[in-house]
Amino acid sequence: MAQQTSDLKPAPKREFSTSFWGEHDLGLEVVWGRLRQGKHICNELLTLVKERAAIEEDYGKRLAKVAKAFVTKEEMGTMKDSLEVLRTEMENTARAHLNLATELRTQLEKPVSDFIAHQSSTRKNHAAMLDKDLKAKSAQMAAVSKAKERYEAKCAEADGLLVQMRPTLQPKEADKLRARHEKTVAAAKSADSEYKSGIEKFGELSKKWETNFRAACTVAQKLEENRLENMREFIWNFVNMISSTCVADDECCERVRVSLESVEIDKDIQLFIDTRSTGTELPALLVYVPYTSKSMDNDYIPLSNPPSSAPSVRSSLENKVSSTPLGSLTKVASHLRTGSVSEPGDAPVSNGSMRFQPSSLNRNGAVPDHLSESEEVYTTEPYNIYDIPANPVFVAQVRVLYDYKAQADEELTITKGQNIPVLVMHEDG
C-alpha cells in the first residue's frame with residue numbers, strides 16, 4: 001500500500017534555475033532564446049487582433065452603407081414592414097461590428113502591446129546584467145589560463161636547471177646555474193601566486209555569475225508563466241468578443257425571421273389591387289375606317305396631264321415610276337440638289353441605268369400625242385446619273401410615303417409627304 005502511494009506522488013516541479021546549467025554556459029542562450037520566441041508569438045497575436053479589428057471596421061462600414069442604400073418605399077403592406085425590419089437589423093448588425101472593432105483595439109490591442117513592452121524591458125535589464133557578468137567571467141578565465149601556462153613554464157625551467165647542476169661542474173659554472181635556478185624558482189613562485197589569485201578571482205566571479213544567472217532564470221520563468229497566462233486571457237477575451245457579436249447577429253436574424261412570419265401575401269395582393277386598380281372594363285376594339293380621298297390612292301402627282309390620245313403609255317410610265325425604289329430616286333434628287341448638270345449633246349457614260357429620250361417628251365414633260373401605245377419612251381442607251389441636262393425634263397413626280405435617312409454621300413434624306421421630280425427610271429422599274 002505504501003509502495004502504491006509513493007507511485008502516485010506527482011513528479012517534483014522543475015525550475016528554470018536548476019535546469020539550464022552545464023559547460024560553456026549554454027543554458028543562457030536556451031533561456032533567453034525562449035523569451036525571444038515568446039515575444040515573437042505575442043507580436044503575432046497583436047497582428048492578429050489588429051487585422052481582425054480592421055476587418056470588422058471595414059465590414060461594419062460597408063454593411064451600414066448597404067443598409068442605407070436599401071430603399072423599400074416601392075413596397076407596400078406587410079412585406080414593406082418586414083423589409084423595414086430587415087433594413088433596421090442590418091444597421092444594428094453594422095453597429096455591432098463597428099463596436100467589436102473598437103473593443104478589440106481598446107481591450108485587446110493596447111493591453112497586448114503594453115504587455116509585450118513590459119516583458120521586453122524586464123528581459124533587456126536582466127540580459128544586460130548577465131552579459132556583463134559573463135564577459136567578466138570569460139575574461140578572468142582567459143587570464144587564469146595564461147597564468148597557469150606561465151606557472152607551468154617556470155616550474156619546468158627550474159626543473160631543467162636543477163638537472164644541469166652536476167658535481168663535475170666547475171665552481172664558476174655551478175654558481176651561474178645556481179643563480180639562474182634560484183631566479184627561475186622565484187619566478188615560478190610568483191607565477192604560482194598569480195595563478196592561485198586568478199583562480200580565486202575566477203571563483204568569485206563564477207559565484208556571482210551563478211547567483212545572477214539563477215535569479216535571471218527565476219525571472220525568465222516568471223516572464224514565461226506570465227506570458228502564457230496573459231495570452232490565454234487575451235485569446236479568451238478575443239473569442240468572447242467575437243462570440244458576443246455573433247450572438248447579436250443571430251438575434252438580428254431572428255427578428256427578421258419573426259417579421260417574415262407576419263407577412264400576409266393575400267392581404268398584400270388585395271392592398272395593391274385596391275390602391276392601384278385602373279378599372280374592370282375592357283377597352284373597345286379598333287374599327288377600320290377607309291379614307292375616301294382619291295389622292296390617297298395615287299403614288300405620285302403628274303407634272304402635266306398626258307394627252308387623251310395616249311392614256312395607256314402614261315399609265316405605264318406612272319406604274320413604273322411608282323414602283324421605283326427610294327434609293328434610286330434619292331440618287332437623282334441629290335444630283336439636282338448639287339447642281340451637277342451637263343450641256344445637251346454631251347456623251348453619256350454607261351452605268352447600267354436607263355434614260356428617257358428628251359425628244360420623246362414635250363416641253364411640259366408630257367408624252368406627245370403622236371406616240372402610240374406600242375412606242376417606247378425610254379431606251380437602252382447607257383445613261384450617266386451625273387449627266388443632267390441644263391434644262392432637265394421631268395417624266396413624273398412622286399410623293400414620299402415613308403421617311404428615309406441617307407446612308408451614303410450620293411443619297412438624299414427625304415421625309416414623308418415630300419414631292420420629288422423623276423428624271424430617269426431603271427430598266428427594272
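In this predicted model, Asp25 forms a salt bridge with Lys137, and the closest N and O atoms of the two are 3.4 Å apart. The pair links distant parts of the chain, with the two positions 112 residues apart in numbering: Asp25 sits in the loop between α1 (2-7) and α2 (26-69), whereas Lys137 belongs to helix α3 (residues 77-164). The two partners also fall into separate classes of accessibility. Asp25 counts as partly exposed because its relative accessibility is 23%. Lys137 counts as buried, since its relative accessibility of 12% lies under 20%.

## Salt bridges

A search of the whole structure finds 19 salt bridges. Three of them are set out below, including the pair already described.

| Salt bridge | N to O distance |
|---|---|
| Asp25 and Lys137 | 3.4 Å |
| Arg36 and Glu29 | 2.6 Å |
| Glu57 and Lys61 | 3.4 Å |

In the second pair, the side chains of Arg36 and Glu29 meet. Arg36 is partly exposed, because its relative accessible area is 38%.

Where do Glu57 and Lys61 lie with respect to each other along the chain? Both belong to helix α2, and they are 4 residues apart, so about one helical turn separates them. Glu57 has a relative accessible area of 26% and is therefore partly exposed. Lys61, at 51% relative accessibility, counts as exposed, because the limit for that class is over 50%. Elsewhere, Arg34, Glu224 and Arg227 are joined into one network by salt bridges that share partners.

## Aromatic pairs

A pair of aromatic rings is described by the distance of the centres and the angle of the planes. The search of the whole structure finds 5 aromatic pairs. One of these is formed by Trp21 and Phe213; the arrangement is edge-to-face, with 5.0 Å from centre to centre and 80 degrees between the planes. This pair, too, links distant parts of the chain: Trp21 is in the loop between α1 and α2, and Phe213 is in helix α4 (residues 171-261), 192 residues apart. Are the two rings' residues buried or exposed? Trp21 is partly exposed, given its relative accessible area of 33%, whereas Phe213 counts as buried at 2% relative accessibility.

A further aromatic pair consists of Tyr151 and Tyr195, whose rings are stacked, with centres 6.0 Å apart and planes at 25 degrees. The planes count as stacked because their angle is under 30 degrees. Helix α3 holds Tyr151 and helix α4 holds Tyr195, so that this pair links parts of the chain 44 residues apart. Tyr151 is partly exposed, with a relative accessible area of 24%.

Ring pairs also link Trp21, Trp209 and Phe213 into a cluster. Phe213 therefore takes part both in the edge-to-face pair with Trp21 and in this cluster.

## Nonpolar cores

The largest nonpolar core contains 16 residues, of which Val49, Leu104, Leu108, Phe234 and Phe238 touch the most other members. Helices α2, α3 and α4 each supply at least two residues of this core. Which helix gives the largest share? It is α3, with 6 residues.

Leu104 illustrates the surroundings of one such residue. Leaving aside neighbours within four places in sequence, Leu104 is in contact with Val49, Arg52, Ala53, Glu56, Glu109, Phe238 and Met241. Val49 and Phe238, named among these contacts, are also among the residues that touch the most other core members.

Apart from this core lies another, of 12 residues, with Trp32, Trp209, Phe213 and Leu223 among them. Trp209 and Phe213 appear in the aromatic cluster as well.

## Thr78 and the surface patch

Thr78 lies in helix α3. With a relative accessibility of 12%, Thr78 counts as buried. Beyond neighbours within four places in sequence, Thr78 is in contact with Ser262, Val263, Glu264, Lys267 and Asp268.

Ile265, Ile269, Phe272 and Ile273 make a nonpolar surface patch of about 400 Å². One of these residues, Ile273, is found in helix α5 (residues 265-276). Ile273 counts as partly exposed because its relative accessibility is 41%.

Terms used:
Residues are numbered from 1 along each chain as its sequence is written. This is a predicted model: local features need pLDDT of at least 70, side-chain atom pairs count only at pLDDT 80 or more; totals for chains, interfaces and linings use all residues. Side-chain values use heavy atoms; hydrogens and water are left out. Patches are made of residues with over 30% relative accessible area and no salt bridge: like charges are joined within 9 Å, nonpolar side chains (Val, Leu, Ile, Met, Phe, Trp, Tyr) within 5 Å. Accessible areas come from the Shrake-Rupley method with a 1.4 Å probe; for residues, only the protein chains shown count as cover. A salt bridge is a side-chain nitrogen of Lys or Arg within 4 Å of a carboxyl oxygen of Asp or Glu. Buried means under 20% relative accessible area, exposed over 50%, partly exposed in between (1.4 Å probe, protein chains only). Rings of Phe, Tyr and Trp (its six-membered ring) pair if their centres lie within 6.5 Å; planes under 30 degrees apart count as stacked, over 60 as edge-to-face and the rest as tilted. Contact means heavy atoms within 4.5 Å. A nonpolar core is a set of buried Ala, Val, Leu, Ile, Met, Phe, Trp, Tyr and Cys residues joined through side-chain atoms within 4.5 Å.
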